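Let's take a walk through this structure together. Keep the view open and turn it as you read.

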Amino acid sequence: MKGKYVIVAGAGKSGVAATGLLIRNGARVTLYDQNTEIDKESILGDFMGSGNVDIALGELTDELLEKADLFVISPGIPVDAPFVEKVRKAGIPIWGEIELAYYFCDGHIAAITGTNGKTTTTTLVGEIFKTYTQDSFVVGNIGLPFTRFADSSTDNTYIAAEISSFQLETIHEFRPHVSAILNLTPDHLNRHYTFDNYVDAKFRIAENQTDEDYIVLNMDDPEIMKRVDRLKTNICYFSHNAEVEQGTFVRDGKIYLRKNGIEEYVLDVDRIKILGEHNLENVLAAVCISAFMDIPSDIIRDVVYAFKGVEHRIEFVREVRDVRYYNDSKGTNPDAAIKAIKAMKSTTLLIGGGYDKQSDYDEWVECFPGKVRYLVLIGETADKILTCCKNHGFNEVVKAETLEDAVRFCYSHARPGDDVLLSPACASWDMFKSYEERGNLFKLYVDSLED
């Protein structure tokens, strides 16, 4: 990259980290963003002392493109955005942040994708790696950009990477040693347009893998199993319904690993602390991924037993007047929210709704009878979900103006023994900056309730 001229599109966390990586390695960078309201000076402060970066806002000009050797796109920018099409027509290579990080990375990569469970599984794999070696990172869609650490990795570094479909759209040579697809249900159709496009993006995680690598797949997921013939690498499976030839499975309440023809006991299911059948799947996946990254089983076992889950994913907040409150703000699609409802032990007052990703809510609503006592709706999808509920004959629905109002409604209508669950089945961007902000506010409002 030394002496190359690179345009980095997107002045958020990902773009700033990619810019830092490039200028550390001798590139000249223009950080570009369409938003003309961005404070240039505060961003340039991140690169104090470097004369190798400037910022361009507004229209992407021909003058900028004329001298560009490479264009790096942040994952939040659609690959069919008009200015990206302009770059493509100009014949400039377009890389994503993950591809750029991989170019500089010398470590052993385990890359995890899927519709749901990515953050929990990646966090658990990261904890296993960290116990095995201090030279490890957890990166990607999980919050820390891969580009922040890539050029400090060595051939002893272990990297657990959560990879989104957005990030996989812009890979070229990215090749993890172990990849994983946890599950596939419709999501982000406002970006990918069709389920097949979304699935194709997910399967790109393995497109550069060879017979020296492995992909870990959920044998219980029919959409994954329909497509295994397209893979050119070694396949390992995880399943809680059947025994697998290579991978992890459950027998008599215990998780076993089969690897290279040898079967080994790994751990007892009843000692897993995280709730729900979906979390058993996440543990099976994490065990399989870690085992094929050659982490010893005793380390895997100890870390799984100690693991308490991740923030905003069926996170227990507090018990108030014998009512338990759970924060599942990361349940940003119907399938994730269904899993959270199933994990509840009692009748549930559910808070849902938010930004519209063009999801279908029928299956979500169909799991309410006998489980959900009230649905409290917020956000721009409230009317759409209300109509879906009426179509399915579920009428215990109210709308709230704010998340705080929704919490207050649940507080006043919950009975002793009930669960209150924030699991919106929608993204957060209509009312909040992120699902983290939504979850943190929920916890704040719950903590303010009188016992």
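What follows goes from a sheet and a hairpin to some unusual backbone angles, then to a few buried residues and finally to the pockets. Bear in mind that this is a predicted model.

A good place to start is an open sheet of five strands. Going across it, the order is β3-β2-β1-β4-β5, and the strands pair in parallel. The edge places are taken by β3, at residues 53-57, and β5, at residues 94-96. Each of these two has a single partner strand, so one of its sides has no neighbour in the sheet. From one strand to the next, the twist averages 25°.

Stay with β5 for a moment and look at its link to β4, which covers residues 70-73. The two strands run parallel and are joined by three bridges. If you want one pair to look for, find V72, whose bridge partner in β5 is W95. Now bring the helix α1 into view. It lies across β1 (5-9), β2 (28-33), β3 and β4, and runs at about 170° to β2.

Next, follow the chain on from β4. In the loop between β4 and α4, the helix at 82-89, you'll come to A81. Is A81 buried or exposed? With a relative accessibility of 12%, A81 counts as buried. To get a feel for distances, pick D211 as well: 130 residues separate it from A81 in sequence, and their C-alpha atoms are 36 Å apart in space.

For a pair of strands running the other way, turn to β15, at residues 315-320, and β16. These two are antiparallel, with five bridges between them. V320 sits opposite V323 of β16. The hairpin they make has two residues between the strands, and there R321 takes a positive phi near 55°.

What makes such a phi worth pointing out? Most residues other than glycine have a negative phi. R321 isn't alone here, as two more examples come from loops between strands. D252 is not a glycine, yet its phi is positive, at about 50°. You'll find D252 in the loop that connects β12 (247-251) with β13 (254-259). D252 is exposed, with a relative accessible area of 71%. Carry on past β13 and you reach N260, in the loop that leads to β14 (262-268). N260 isn't a glycine either, and has a positive phi of about 55°. At 55% relative accessibility, N260 is exposed too.

Step into β14 itself and look for V266. What is its relative accessibility? The value is 0%, so V266 counts as buried. Leaving out residues up to four places away in sequence, V266 touches I255, Y256, L257, V287, S297, I300 and R301. S329, by contrast, is 63 residues from V266 along the chain, and 31 Å separates their C-alpha atoms.

Another buried residue is T332, at 17% relative accessibility. T332 belongs to the loop between β16 (323-327) and α13. Which residues does T332 contact, once neighbours within four places in sequence are set aside? They are K357, A425, C426, A427, Y435 and R438. Remember Y435 from that list, as you're about to meet it again.

That brings us to the pockets. The largest pocket holds about 1200 Å³ of space. It is lined by 44 residues, and those closest to its centre are N141, S164, F166, W429 and Y435. Several helices supply at least two residues each to this lining: α1 (13-24), α6 (118-132), α7 (165-168), α9 (195-203) and α17 (435-447). So what kinds of residue make up the lining? By class, 22 are polar, eleven are nonpolar and eleven are charged.

The second largest pocket has a volume of about 390 Å³. Among its 18 lining residues, E277, E281, D335, K339 and K342 are the closest to the centre. Two helices, α11 (277-292) and α13 (334-343), each give at least two residues to the lining. The largest share, five residues, comes from α13. Sorted by class, this lining has eight charged, six polar and four nonpolar residues.

Notes: Residues numbered from 1 in each chain as written. Predicted model: local features only at pLDDT ≥ 70, side-chain atom pairs only at ≥ 80, totals over all residues. Heavy atoms only, no water. 1 Å grid on protein atoms, 1.4 Å probe; cavity = no way out; pocket = protein on both sides within 12 Å on 5 of 7 lines; lining within 4 Å. Points joined across faces, edges and corners; volume = space filled by probe spheres on them. Helix = DSSP H or I, 4+ residues; strand = E, 2+ residues; numbered from the N terminus. Nonpolar A, V, L, I, M, F, W, Y, C, P; charged D, E, K, R; others polar. Buried < 20%, exposed > 50% of the residue type's maximum accessible area, 1.4 Å probe, protein only. Pairing = 2+ DSSP bridges. Axes fitted to C-alpha atoms, helices over the stretch in contact; angles between N-to-C directions. Contact = heavy atoms within 4.5 Å.
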